[in-house]
Amino acid sequence: MNTELPLVSVIVPVYKVEDYLNQCVQSILDQTYHNLEIILIDDGSPDNCGQLIDDWAKKDKRIVALHQKNGGLAAARNTGLDNCHGEWLAFVDSDDYVAKDYIEKMLKAAMRDHTNLVISHYYEVDEISGEQINIKHNPAKVYNIDEFWKLYLYHSPALVVAWNKLYAREVFEERRYAVGLVHEDEEIIFDVVKNAHRISIISDNLYYYRVNRSGSIMANINASSEIDQAILEIKKTRAADLMHNEFWDEALLATEDLLNSVINAKVKNNSEKTRIIYSQFMLIVKQNRRILNQHGYKFDWKHRIYFAIPGLIYYLKWVRLGAKKILQR
């Protein structure tokens, strides 16, 4: 091991993935970059994962096996953050795997571009069909904070995920994931980007993200009926943070995103609870619009209409959804 190279800590939360864990860990051990600390966190997994990570720790001195009571993905990531020693950090989900040059290419980009956060493209690996789908829709370049938020809010909410990234340690120095929150990646991304200052997106597909896996965390999340309110709270906070930091263009986009999400929630399920949530968040949207007006923000015609008559937007979306259901019969 060349100790002159910076230590990179790879944090892997582990829960109910004994069919996939060995492939994940082996892909990290096979990295062309060797100065690694690999932290495997058994988050109270009821299967054989706890024994598997202990066995892996015996095979390679770079691996650290940790065990804790089940606290969820955020709690496991925080345990990794609290116990890592690397100058750089990466997260890998334990049912996924990575290319052999995953760490090497991202670290080279960070050194070349003088950035604190590097993002790679990735493949979606369909568990059912075995198909690998090339996910590459973000231009490869160095972004400042303003440019990143435009990219994220206009084009690519997938940028929010913890994996497929390399972080300088200081990005998480005083920040941890919110435990118990479904959308922990959405909640933390504002501070991550703010602390990073400059972000590199590289053109290489280096991460293999498994989809359509039964029993996965994301499958359970997608089945939850409480998602909409949680994500609305996060989007409300993000818009407020962007306004507080005087990113006015991005605050407008974040408010539009919040408005769209509020309307979509009502279109999806027009229950009494949803109508109450709709009314509450529409007040936030109107308040954000007033703040933007007070700071001299000039709305284009699209946003003037959008914010003035959200009821019409809701009706059009509702009609479109109804027509789609009829065509699918």
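This passage describes the interior spaces, the nonpolar core and the charged contacts of a predicted model.

The core is taken up first. In the largest nonpolar core, which holds 105 residues, the members that touch the most others are Trp149, Tyr167 and Phe172. The element that gives the most to this core is helix α9, spanning residues 248-268, from which 10 residues come. In soluble globular proteins, nonpolar side chains tend to be buried together. For Trp149, when residues up to four places away in sequence are not counted, the contacts are with Tyr154, Ile189, Phe190, Val193, Arg238, Leu242 and Glu250, a list that includes the charged residues Arg238 and Glu250.

Tyr167, another of the three core residues named above, also appears among the contacts of Asn116. Asn116 is placed in the loop between α4 (102-113) and β6, and it counts as buried because its relative accessible area is 18%, where the limit for a buried residue is under 20%. With neighbours within four places in sequence left aside, Asn116 is in contact with Trp88, with Leu166, Tyr167 and Ala168, with Glu170 and Val171, and with Asn195, Ala196, His197 and Arg198.

At helix α1, which comprises residues 21-29, the buried residues are Leu21, Cys24, Val25, Ser27, Ile28 and Leu29. The cover over these buried residues of α1 includes the strands β1 (8-14), β2 (36-43), β3 (63-68) and β5 (97-98), together with the helix α2 (49-59).

Enclosed spaces were searched for over the whole structure, and three cavities of 30 Å³ or more were found. The largest cavity has a volume of about 70 Å³, and its lining is made up of Ile119, Ser120, His121, Tyr122, Ile135, His137, Asn138, Ser156, Ala158, Leu159, Asn164 and Lys165. Strand β6, which covers residues 117-126, gives the most to this lining, with four residues. By class, the lining of the largest cavity divides into five nonpolar residues, six polar residues and one charged residue.

The second largest cavity, with a volume of about 40 Å³, is lined by Val160, Val161, Ala162, Lys165, Tyr167, Tyr177, Asp185, Ile188, Ile189 and Val192. Lys165 is thus named in the lining of the largest cavity and again in that of the second largest cavity. Both β9 (165-168) and α6 (184-196) supply at least two residues of the lining of the second largest cavity, and α6 accounts for the largest share, with four residues. This lining holds eight nonpolar and two charged residues, and no polar ones. Tyr167, already noted for its contacts within the largest nonpolar core, is one of the residues that line the second largest cavity, as is Ile189, which Trp149 touches.

Among the open spaces, the second largest pocket has a volume of about 190 Å³. The elements that give two or more residues to the lining of this pocket are α9 and α12 (310-328), and α12 provides the largest share, namely five residues. The residues of the lining are Asn264, Val267, Ile313, Lys317, Arg320, Leu321 and Lys324, which by class are three nonpolar, one polar and three charged. Helix α9, the element that gives the most to the largest nonpolar core, therefore also contributes to the lining of a pocket, since lining residues are those with an atom within 4 Å of a pocket point.

Charged side chains form 18 salt bridges in the model. Arg62 and Asp60 are joined in one of them, with their closest N and O atoms 3.1 Å apart, and both of these residues are buried. Arg112 and Asp113 form another, with a closest N to O separation of 2.9 Å; here Arg112 counts as exposed because its relative accessibility is 55%, whereas Asp113 is buried, at a relative accessible area of 13%. In a further salt bridge, the side chains of Glu147 and Lys141 meet at 3.7 Å, N to O. Glu147 is partly exposed, its relative accessible area being 31%, and Lys141 is likewise partly exposed, at 38%. Finally, Arg77, Asp93, Glu184 and Asp185 are linked in a network of salt bridges, and of these Asp185 is also found in the lining of the second largest cavity.

Note on methods:
Residues are numbered from 1 along each chain as its sequence is written. This is a predicted model: local features need pLDDT of at least 70, side-chain atom pairs count only at pLDDT 80 or more; totals for chains, interfaces and linings use all residues. Side-chain values use heavy atoms; hydrogens and water are left out. On a 1 Å grid over the protein atoms alone, a cavity is a set of points where a 1.4 Å probe fits but cannot get out, and a pocket is an open set with protein on both sides within 12 Å along at least five of seven lines; lining residues have an atom within 4 Å of a point. Grid points are joined across faces, edges and corners, and a volume is the space filled by probe spheres set on the points. A salt bridge is a side-chain nitrogen of Lys or Arg within 4 Å of a carboxyl oxygen of Asp or Glu. Buried means under 20% relative accessible area, exposed over 50%, partly exposed in between (1.4 Å probe, protein chains only). A nonpolar core is a set of buried Ala, Val, Leu, Ile, Met, Phe, Trp, Tyr and Cys residues joined through side-chain atoms within 4.5 Å. Contact means heavy atoms within 4.5 Å.
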